[in-house]
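Reader: Hi! I've got a structure to look at for class and I'm not sure where to begin. Could we go through it together?

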Amino acid sequence: MGNAARRLDPCLVALGSTGLLAWSALLLDQSDSIPPAFCSAGTPWAAPLSISLDLVLAFNSPAQLASGWALMVAAMMSPLVIAPLRHVRDRSFARRRARSMLIFVAGYAAVWMTAGIGLQAMALGARWAAPAPLICLALAAASAMGWQVSPAKQWCLNRCHRRPHLAAFGAAADRDALAFGLANGASCVGACWALMLLTLLVGRGHLVAMIAVAFFVVAERLEGPAPLAWHWRGLGKALRITMAQAHMRGRCIREAAQ
């Protein structure tokens with residue numbers, strides 16, 4: 001399996017292509033109304049919540065909200081799936097490798113699609129309850145900061161790094177791949193929900209917020225498991241890698257110039 005791990009796997013290529021296509025669709029969308037589209041639908045948030053919900057559904061069908069959320073998840077979460085997907089690939093026989101990887105992705109996506117219902121409902125409720133959009137955004141940012149430094153966030157991140165034993169044959173292999181996808185998806189939702197909610201409340205600037213959050217969650221996932229404690233989690237390792245690469249590049253340039 002060691003040589004297979006070094007080869008370019010079609011499923012990983014498909015995953016990368018899916019992420020690129022999702023970002024392309026988001027960037028080409030000129031309406032700036034990727035989910036929740038109700039952020040820019042002109043909904044009167046002072047109205048009763050039931051009326052606000054009716055207006056949201058009038059502007060956006062459930063199918064539109066679901067497809068928009070799926071596009072958002074595909075764009076932002078594709079890089080986070082690469083490492084666990086490689087674990088599935090490396091522990092599967094060649095004849096059932098693609099099947100196990102697809103089952104994993106199905107479980108992972110199912111968790112995020114379910115979470116999307118709750119997060120979009122939370123965004124709708126927050127926008128209805130807050131007296132002004134900026135106050136709503138400020139409260140969401142404060143919540144995201146609080147979650148970012150909490151031990152619970154670290155617990156979720158630690159579980160994102162888990163690589164369980166996977167059966168190799170039959171129904172047990174399918175079951176383990178699905179269970180791993182569901183567990184990894186749940187851990188990822190636990191780690192990222194506050195940041196994802198923040199992007200839903202930014203309004204017309206949500207695309208920029210999505211790009212920033214996507215880079216941030218990939219950078220923080222570079223860190224390994226750590227003890228549960230209150231501390232900031234973020235760009236530490238990514239910055240160290242960037243500085244090391246810049247130092248090596250500068251050294252190579254200096255040596256070439258001599």
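Author: Sure! This is a predicted model, and Met-77 is a nice place to begin.

Reader: Okay, what does Met-77 touch?

Author: Leaving out residues up to four places away in sequence, Met-77 touches Tyr-108, Trp-112, Cys-188, Cys-192 and Met-196.

Reader: And how many residues does the largest nonpolar core have?

Author: That core has 51 residues. Met-77 is among those with the most contacts inside it, along with Met-76, Trp-112, Cys-192 and Met-196.

Reader: Which helix gives the most to this core?

Author: Helix 8 does, with twelve residues.

Reader: Switching topic: how much space lies in the largest pocket?

Author: About 350 Å³. The pocket is lined by 17 residues, and those closest to its centre are Leu-15, Thr-18, Ser-78, Val-105 and Ala-109.

Reader: Which helix has the largest share of that lining?

Author: Helix 4, with seven residues. Helix 2 and helix 5 also give two or more residues each.

Reader: How many of the lining residues are nonpolar, polar or charged?

Author: The lining has 15 nonpolar residues, two polar ones and no charged ones.

Reader: I noticed some cysteines earlier. How many disulfides are there in the whole structure?

Author: Zero, from a search of the whole structure.

Reader: Why is there no bond between Cys-156 and Cys-160?

Author: Because their sulfurs are 6.9 Å apart, which is too far for a bond. Cys-160 has the closest cysteine sulfur to that of Cys-156.

Reader: Is Cys-156 buried or exposed?

Author: Cys-156 is buried, with a relative accessible area of 8%. Cys-136 counts as buried too, at 4%.

How values were computed:
Residues numbered from 1 in each chain as written. Predicted model: local features only at pLDDT ≥ 70, side-chain atom pairs only at ≥ 80, totals over all residues. Heavy atoms only, no water. Core = buried A, V, L, I, M, F, W, Y, C linked by side-chain atoms within 4.5 Å. Buried < 20%, exposed > 50% of the residue type's maximum accessible area, 1.4 Å probe, protein only. Helix = DSSP H or I, 4+ residues; strand = E, 2+ residues; numbered from the N terminus. Contact = heavy atoms within 4.5 Å. 1 Å grid on protein atoms, 1.4 Å probe; cavity = no way out; pocket = protein on both sides within 12 Å on 5 of 7 lines; lining within 4 Å. Points joined across faces, edges and corners; volume = space filled by probe spheres on them. Nonpolar A, V, L, I, M, F, W, Y, C, P; charged D, E, K, R; others polar. Disulfide = S-S within 2.5 Å.
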